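Me: Please take a close look at one part of this predicted model, the surroundings of the bound ligand, and then carry the description outward to the helix packing.

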Amino acid sequence: MLPQNFIFLQLAILGEETILRKKLLFTNNTLAKELIQMKEVTKEVYLKWYEDMLLWRKFEDKLAALYIQQKVRGFLHLYNGQEAVLAGALHAMDLTKDKMITAYRNHVQPIGMGVDPRRVMAELMGKVTGTSKGMGGSMHIFSKEFRFYGGHGIVGGQIPVGAGLAFADKYFETGGVTMTYFGDGAARQGSLHEAFNMAMLWKLPVVFIVENNGYAMGTSVERTANHTDIWKLGLGYEMPCGPVDGMNPVKVAEAMTEAIDRARRGDGPTFLEMKTYRYRGHSMSDAQLYRSKDEVEEYKKIDPITQVLDVIKDQKYATQEEIAAIEQRVKDLVEECVKFSEESPYPEVQQLYDVVYDQENYPFTPHKL
Ligand SMILES: Cc1ncc(C[n+]2csc(CCOP(=O)(O)OP(=O)(O)O)c2C)c(N)n1
Ligand SMILES: [Mg+2]
C-alpha cells in the first residue's frame with residue numbers, strides 16, 4: 001500500500017500546481033490567516049541549503065558505513081530524505097534564542113543548530129570527545145550550549161518536554177520559541193494530547209512539528225488510524241494547524257516563519273504536518289518488507305537536495321566549479337569527523353561515577369557533566 005501523501009507527492013513530481021495539490025495543501029487548514037514577512041530566500045540561502053543538506057546526507061551515509069564496520073553500535077536511525085524539514089526550519093528560526101527537541105532521528109539537527117559535527121560523530125562512536133562524553137550515543141545527542149535538547153528514545157516522550165521548554169521561555173521571558181519535532185507514530189501517543197491542551201491553554205511559545213515520513217517502523221500511516229491528516233489533531237484544541245510540503249525547504253520555511261512569529265508574539269502554538277519521506281529503513285536492522293523499492297525511487301525524484309541544486313543551476317547561482325567546491329568541502333569535513341572520532345579515546349571507567357547522583361544528599365550533589 002502506498003503512503004497517504006503519495007498522490008500529493010506525485011503531483012509535486014509532475015511539477016503541476018494543480019487545484020488538487022493546492023487543495024491538499026491548504027483546504028480546511030487554519031494557517032495563513034495573515035501574511036508574514038519571511039526572511040528572503042537569496043542565492044546565499046540556496047547555496048547554504050545545498051552545502052548543509054549535503055553535509056547532513058553524507059554525514060549519515062558515513063555513519064551507516066561505520067555501523068557496518070561496528071564502529072557505531074547500538075541503534076542507528078537515519079534522516080536521509082527528510083533534510084528539507086530541518087533546513088527550512090533553521091531559516092525561520094532565531095538561532096540566538098530558539099530551541100529544538102526531537103526523537104532519536106537526531107544526528108543532523110544539532111549540527112544545524114551549531115554543534116561541531118566532529119563531536120556528534122565522536123558521540124556516536126562512544127568517544128570521550130562526544131557531545132555527552134560518549135555516554136549518550138546515537139539516540140541522545142544533546143547540547144545545552146546550542147539549545148538542542150535531544151535526542152529521545154521514548155516515542156512521543158519529547159512532546160510534553162518540548163511544551164515544558166516553551167513554558168520556561170514564557171516564564172523567564174526569554175523571547176525564545178521551541179521547535180518540538182516528532183514522528184507520525186508518535187502523533188498517536190496520549191502525551192500529544194496532554195501537551196497540546198496545556199500549550200494552548202497557556203499559549204506557550206512552541207511549534208509542534210510532525211514529520212510524517214509515511215511509516216512508524218514498518219507500520220504505514222494508513223494502518224495507524226482511521227484518518228490520515230495528522231495535522232487535524234490540532235483542530236480539537238483550536239490550535240492553528242495545517243499540512244506542509246516537507247520535501248521543499250521554501251515551503252517549510254514559509255510555514256515555520258508564520259508559526260514562529262505567532263509563538264513569539266504571544267499567540268501560542270501551531271501544529272504543522274510536514275509531509276516527507278525517509279529513504280533508509282527505520283533503523284539499520286530493517287529488511288523493509290513493508291514497502292517496495294519503486295516507492296522509494298518515486299520519492300527520490302523529488303529529493304530535497306536535488307530540488308535545491310536544480311534551482312541553483314536554473315538560476316545560475318553557482319558555476320559547475322563552485323558546486324564541485326561545495327561538494328569537496330563536504331567530503332573533507334566528513335572525513336575530518338571520522339579522523340577526529342577515531343583518534344579520540346574512549347572515556348575512562350571512572351567517568352561513570354560522574355554522571356550519577358549520590359543518593360545520600362540527592363538532589364544536591366552536582367552532576368559533574
Ligand atoms: C513508548 C514507545 N513505544 C514504542 C517504542 C518502539 N518504537 C521505536 S521507534 C517507533 C516508531 C516511531 O515512528 P515515528 O514516530 O513515525 O518516527 P520515525 O521513526 O518515522 O521517525 C516505535 C514504535 C518506543 N521507542 N517507545
Ligand atoms: Mg514516521
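Reply: A nitrogen atom of ligand 1 lies 3.1 Å from a polar backbone atom of valine 155. Two further polar contacts of ligand 1 involve side chains: an oxygen atom of the ligand is 2.7 Å from an N or O atom in the side chain of arginine 105, and an oxygen atom of the ligand is 2.8 Å from an N or O atom in the side chain of asparagine 213. Arginine 105 and asparagine 213 also appear among the closest of the 15 residues that surround ligand 1, a group of closest residues that further includes Tyr104, Gly185 and Ala186. All of this is read from a predicted model, and the distances are computed from its atoms.

The loop between H6 and H7 holds two backbone features that deserve attention. Arginine 147, which lies in this loop, has a positive phi of about 60 degrees although it is not a glycine. Glycine 151 has its place in the loop between H6 and H7 as well, and the peptide bond that leads to it from glycine 150 is cis, with omega near 25 degrees.

On one side of that loop is helix H7, residues 158-171, which packs with helix H8, residues 190-201, at an angle of about 20 degrees and with the two axes 8 Å apart. Because angles under 35 degrees count as roughly parallel, H7 and H8 are described as roughly parallel to each other. Their crossing is left-handed, and the contact brings Ile159, Pro160 and Ala163 of H7 together with Ser191, Leu192 and Ala195 of H8. By residue type, this contact of H7 with H8 comprises 5 nonpolar residues and 1 polar residue, with no charged residue.

On the other side of the loop is helix H6, residues 117-124, whose axis comes within 8 Å of the axis of helix H12, residues 320-343, the two crossing at roughly 50 degrees. That angle makes H6 oblique to H12, and H6 passes H12 in a right-handed crossing. From H6 the contact is made by Pro117, Arg118, Arg119, Met121 and Ala122, and from H12 by Leu333, Glu336, Cys337, Val338, Phe340 and Ser341. The residues of this contact of H6 with H12 divide into 7 nonpolar, 1 polar and 3 charged.

A further helix pair completes the description. The axes of helix H3, residues 43-68, and helix H11, residues 304-314, come within 9 Å and cross at roughly 150 degrees. Since angles over 145 degrees count as roughly antiparallel, H3 and H11 are placed in that class, and H3 passes H11 in a left-handed crossing. In this contact Tyr46, Leu47, Trp49, Tyr50, Met53, Leu54 and Arg57 of H3 meet Pro304, Ile305, Val308, Leu309, Val311 and Ile312 of H11, and the residues involved divide into 12 nonpolar, no polar and 1 charged.

Conventions. Residues numbered from 1 in each chain as written. Chains lettered and ligands numbered in written order. Predicted model: local features only at pLDDT ≥ 70, side-chain atom pairs only at ≥ 80, totals over all residues. Heavy atoms only, no water. Axes fitted to C-alpha atoms, helices over the stretch in contact; angles between N-to-C directions. Helix = DSSP H or I, 4+ residues; strand = E, 2+ residues; numbered from the N terminus. Parallel < 35°, antiparallel > 145°, perpendicular 65-115°, else oblique. Left-handed = near helix turned anticlockwise from the far one by under 90°. Contact = heavy atoms within 4.5 Å. Nonpolar A, V, L, I, M, F, W, Y, C, P; charged D, E, K, R; others polar. Near = heavy atom within 4 Å. Polar contact = N/O pair within 3.5 Å; in protein donor to acceptor, adjacent residues only side chain to side chain.
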